[in-house]
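Hi everyone, thanks for coming. Have a look at the picture on the screen, and I'll walk you through what I found in it.

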Amino acid sequence: MNTAKGFETRQRILEHGLELVSQEGFAGVSIGRLAEGTRLSKSGLFAHFGSLESLYIALLQHAAELARKDVMEVALRQPKGLPQLQTYFERLL
């Protein structure tokens, strides 16, 4: 498998998975729903994670990385003090 294509597919799975988590919680995330939403076979999707537990862990890690990039890094570029705090809460919400 092409590494770049595999990475892109994994990112697409994680993005769709986070959409499901944000709408329905982890109970709304299944291999079947993700396969349907990303137009992959269940076995193709399963090959990227190996288990539902590994998928959940990857979703949590992906969410943490997005928060770091979209919230923390942006806030830390602001002047210290109130501007950082305001930016942090604005980006968090």
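**A walk along the helices**

Let me start with helix 4, and with what sits on top of it. The buried residues of helix 4 are covered by parts that include helix 1 (3-24), helix 2 (31-38), helix 3 (42-49) and helix 5 (82-92). Before I go on, please keep in mind that this is a predicted model.

So which residues of helix 4 are buried? They are Leu-55, Ala-58, Leu-59, His-62, Val-71, Val-74 and Ala-75. If you're wondering about the spacing in that list, here's a handy bit of background: an α-helix has 3.6 residues a turn, so residues three or four places apart point the same way.

Now a quick check on length. Helix 4 covers residues 52-76, which is 25 residues, and at 1.5 Å a residue that should span 36 Å. The C-alpha atoms at its ends are 35 Å apart, so the two values agree. Helix 4 does bend, though, by about 35 degrees at Arg-68.

Hold on to Arg-68, because we meet this residue again in the salt bridges. How many salt bridges does a search of the whole structure find? It finds four. The background is simple: side chains of opposite charge can pair when their charged atoms come close.

Arg-68 pairs with Glu-65 in one salt bridge, at 2.4 Å from N to O. These two are three residues apart in helix 4, which means about one helical turn separates them. Arg-68 also forms a salt bridge with Glu-73, where the closest N and O atoms are 2.0 Å apart. Through shared partners, salt bridges join Glu-65, Arg-68, Lys-69 and Glu-73 into one network.

Are those residues buried or exposed? Somewhere in between, as it turns out. Arg-68 counts as partly exposed because its relative accessibility is 35%. Glu-65 is partly exposed as well, at 30%, and Glu-73 is partly exposed at 32%.

There's another salt bridge to point out, between Glu-24 and Arg-33, with 2.7 Å between the closest N and O atoms. Glu-24 is partly exposed, at 41% relative accessibility, and Arg-33 is partly exposed too, with a relative accessible area of 36%.

Over to helix 1. This helix has 22 residues and reaches 31 Å from its first C-alpha to its last, close to the 32 Å expected at 1.5 Å a residue. Its buried residues are Gly-6, Thr-9, Ile-13, Leu-14, His-16, Gly-17, Leu-18, Leu-20 and Val-21. What covers them includes helix 2, helix 3 and helix 4.

Let's zoom in on one of these, Thr-9, which lies in helix 1. Thr-9 has a relative accessible area of 10%, and since buried means under 20%, Thr-9 is buried. What does Thr-9 touch, if we leave out residues up to four places away in sequence? The answer is Leu-40 and His-48.

Next, two spots where the backbone takes a positive phi. Gly-25, just after helix 1, has a positive phi of about 80 degrees. Arg-39 has one of about 60 degrees, although Arg-39 is not a glycine. That's worth a second look, because most residues other than glycine have a negative phi. Where is Arg-39? In the loop between helix 2 and helix 3. With 79% relative accessibility, Arg-39 counts as exposed.

Now look at the surface. Leu-82, Leu-85, Phe-89, Leu-92 and Leu-93 make a nonpolar surface patch of about 570 Å². Leu-93 is found in the segment after helix 5, and at 87% relative accessibility Leu-93 counts as exposed.

One last pair, to show sequence distance next to distance in space. Ala-67 and Ala-27 are 40 residues apart in sequence, and their C-alpha atoms are 22 Å apart in space. Ala-67 is found in helix 4 and is partly exposed, at 36% relative accessibility.

If you take one picture home, make it helix 4: a helix that bends at Arg-68, with Arg-68 in a salt-bridge network alongside Glu-65, Lys-69 and Glu-73. That's it from me, thanks for listening!

Definitions and conventions. Residues are numbered from 1 along each chain as its sequence is written. This is a predicted model: local features need pLDDT of at least 70, side-chain atom pairs count only at pLDDT 80 or more; totals for chains, interfaces and linings use all residues. Side-chain values use heavy atoms; hydrogens and water are left out. Helices (H or I, at least four residues) and strands (E, at least two) are DSSP runs, numbered from the N terminus. The expected span of a helix is 1.5 Å times one less than its number of residues. The bend at a residue is the angle between axes fitted to the seven residues ending there and the seven starting there. Buried means under 20% relative accessible area, exposed over 50%, partly exposed in between (1.4 Å probe, protein chains only). Contact means heavy atoms within 4.5 Å. A salt bridge is a side-chain nitrogen of Lys or Arg within 4 Å of a carboxyl oxygen of Asp or Glu. Patches are made of residues with over 30% relative accessible area and no salt bridge: like charges are joined within 9 Å, nonpolar side chains (Val, Leu, Ile, Met, Phe, Trp, Tyr) within 5 Å. Accessible areas come from the Shrake-Rupley method with a 1.4 Å probe; for residues, only the protein chains shown count as cover.
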